[in-house]
Amino acid sequence: SKTCPKRRPARSSASSCGEFMREKLAPLAEAIAEHVQGGDSVVLGACLEPDIPFAATHEIIRQGIGNLNVVAPISDASTDMLIGAGCCTEVTGAWVGNVSGGLGHNFRLACEKGEPHRITVHDHSNFSLAMALLAGAYGMPYAPTRTILGSDIVHSNDQFLSAENPFSPDRQPIVLVPPLIPSVAIVSVQRADRFGNNHHWGSRGLVQEAALAAEKVILLADEIVSPEVIASDPSRVLAPGYLVSAVAHVPAGSHPSPMTGRWRRDTEFFNDYHRLSRRREGFLEWLEEWVLGVPDHAAYREKLGDRLEGLRIGGTALAAEANYAAA
């Protein structure tokens, strides 16, 4: 299975040390071209509504990378865009749509009418998807759950295995959820250093599990800082630098989704997308204007103009000081 290989390549301590010291800064287009291949399983975000790396979604579309299995813990309109652009042929997740609008129109058309193409859906609940990524992150052969018992998800996803809990006196039924090991997780963070070490704060959703489970991790950093800044607060590190394949400096790379402490949600932008994508012709017009018609994310930001600056969070709500002294 593309999302569930039997095991990941072993990392020796020597190679881990080398990875930790290797500089990983790269332009977004280069990072996507090198680390995302046709047929990959890809996580885009996984913080649920915040921090969705839309800039990476747009770049995948520009490069025409296809046949992707998108692992979609919400992902807002990102997965819907990839379906409409012809890049996504499989979805592993619970829902695809626009949080402020409803079910994604491209997703609905693909499932119901095969437009622009048929997609395969690997059904999950939000919780079973979390368990699958957790199992992938920690090398578990499966994750047991009871939350989807009695639902049709047990029957619509043939990878789930019905079983009995051997530790309960009455051997209660459970479901065994196989691990998810995505090919690549693309993650937005507030800041990172050139070696891939990073800080993320705010709602994390499933993003840490996704980053630890994936074969590769691409970071979209709102800011690049010195390694000393990251080392000063290890508790905010989402994934260690040696697990990161590339770091792209992409300010506002999550627009129109929010980023704690940096950017507010552009609800009007989401609503415009949902309205226009109701018709195939409207979606293609939107795609040409906001993705194919701009060469990169810098041009996208320039096109947004003062609108983007108006979304910048200017206030402060600082955490309390933390003392990491050991002696």
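**Exercise 1.** Determine which residues are in contact with Ile 60 once its neighbours within four places in sequence are left aside.

Solution. Contact is taken as heavy atoms within 4.5 Å. With that cut-off, and with the neighbours within four places in sequence set aside, Ile 60 is in contact with Ile 32, Leu 44, Ile 65, Leu 68, Leu 82, Cys 87 and Ile 186. The model is a predicted one, in which local features need pLDDT of at least 70 and side-chain atom pairs count only at pLDDT 80 or more, whereas totals for chains, interfaces and linings use all residues. Residues are numbered from 1 along each chain as its sequence is written, and side-chain values use heavy atoms, with hydrogens and water left out.

**Exercise 2.** Place Ile 60 within the largest nonpolar core.

Solution. A nonpolar core is a set of buried Ala, Val, Leu, Ile, Met, Phe, Trp, Tyr and Cys residues joined through side-chain atoms within 4.5 Å, where buried means under 20% relative accessible area with a 1.4 Å probe, protein chains only. The largest such core has 51 residues, and Ile 60 stands with Ile 32, Val 36 and Ile 186 among those with the most contacts inside it. Apart from this core lies another, of 31 residues, which includes Ala 130, Leu 180, Val 187 and Ala 192.

**Exercise 3.** Compare the radius of gyration of the protein chain with that of a compact globule.

Solution. The radius is taken over C-alpha atoms, and the globule rule is 2.2 Å times the number of residues to the power 0.38. For 327 residues the rule gives a value near 20 Å, and the protein chain has 20 Å, which agrees. Buried residues make up 51% of the 327 residues, and 75% of the contacts with a separation of 6 or more join residues 24 or more positions apart.

Terms used. Buried < 20%, exposed > 50% of the residue type's maximum accessible area, 1.4 Å probe, protein only.
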